[in-house]
Amino acid sequence: MKHLTRYLSLTIPGRFGFKNITGEVQAAVDESGVHEGICLVNAMHITASVFINDDEGGLHHDYEQWLEKLAPFDPSTRYHHNRTGEDNADAHLKRQIMGREVVVAITKGRLDFGPWEQIFYGEFDGRRPKRVLIKVIGE
């Protein structure tokens, strides 16, 4: 069995943002030499997410608006977590909604997506480097 572990380091300049990381993930699959297997992609921070969806700007805008309504940024004591001196309780909640990781099948050496699917990193408390784990396993 073949396997490969890679880490991406990402810094989103604002507090909130999305980055398409499909190319970086496919590059790791290519490097691994795996033709049939799986690829795990995991946001390694509790205020960031990895998810699969369409690479369409309107949808990304809708996500931002929707998430902000569900868990608005508020550095005051609205959230109990922020009473500890933090200001990012909303980012923890947004991450919970958007998810921690994705697993994608590898078929004939390629990420096996449905139509329009892409892998995204979602940042909800940015402005500093964070890591994404890519783990490829297969034959």
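Here's a quick tour of the sheet and the helices in this structure. Keep in mind that you're looking at a predicted model. At its heart for this briefing is an open sheet of five strands with antiparallel pairing. We'll also look at helix 1, which lies across strands of that sheet, and at the spot where helix 2 and helix 3 cross.

**The sheet**

- Reading across the sheet, the strands come in the order 1-8-3-5-6.
- The edges are strand 1 (2-10) and strand 6 (110-111), and each of these pairs on one side only.
- Strand 3 (residues 36-43) and strand 8 (residues 130-138) run antiparallel, with seven bridges joining them.
- If you want a residue to look up, try Ala-43: its bridge partner in strand 8 is Val-132.

**Helix 1 and the sheet**

- Helix 1 covers residues 22-32 and lies across strand 1, strand 3, strand 5 (101-107), strand 6 and strand 8.
- Relative to strand 1, helix 1 runs at about 150°.

**Helix 2 meets helix 3**

- The axes of helix 2 (residues 57-70) and helix 3 (residues 89-98) come within 10 Å and cross at roughly 125°.
- That angle makes helix 2 oblique to helix 3.
- As for handedness, helix 2 and helix 3 make a right-handed crossing.
- On the helix 2 side, the contact is made by Tyr-63, Trp-66, Leu-67, Glu-68 and Leu-70, while helix 3 brings in Lys-94, Ile-97 and Met-98.
- Sort the residues of this contact by type and you get six nonpolar, two charged and no polar.

Technical notes:
Residues are numbered from 1 along each chain as its sequence is written. This is a predicted model: local features need pLDDT of at least 70, side-chain atom pairs count only at pLDDT 80 or more; totals for chains, interfaces and linings use all residues. Side-chain values use heavy atoms; hydrogens and water are left out. Two strands pair if DSSP finds at least two bridges between them. Helices (H or I, at least four residues) and strands (E, at least two) are DSSP runs, numbered from the N terminus. Contact means heavy atoms within 4.5 Å. Axes are lines fitted to C-alpha atoms, for helices over the stretch in contact, and angles run from 0 to 180 degrees between N-to-C directions. Angles under 35 degrees count as roughly parallel, over 145 as roughly antiparallel, 65 to 115 as roughly perpendicular and the rest as oblique. A crossing is left-handed if the near helix is turned anticlockwise from the far one by less than a right angle, and right-handed if clockwise. Ala, Val, Leu, Ile, Met, Phe, Trp, Tyr, Cys and Pro count as nonpolar, Asp, Glu, Lys and Arg as charged, and the others, Gly among them, as polar.
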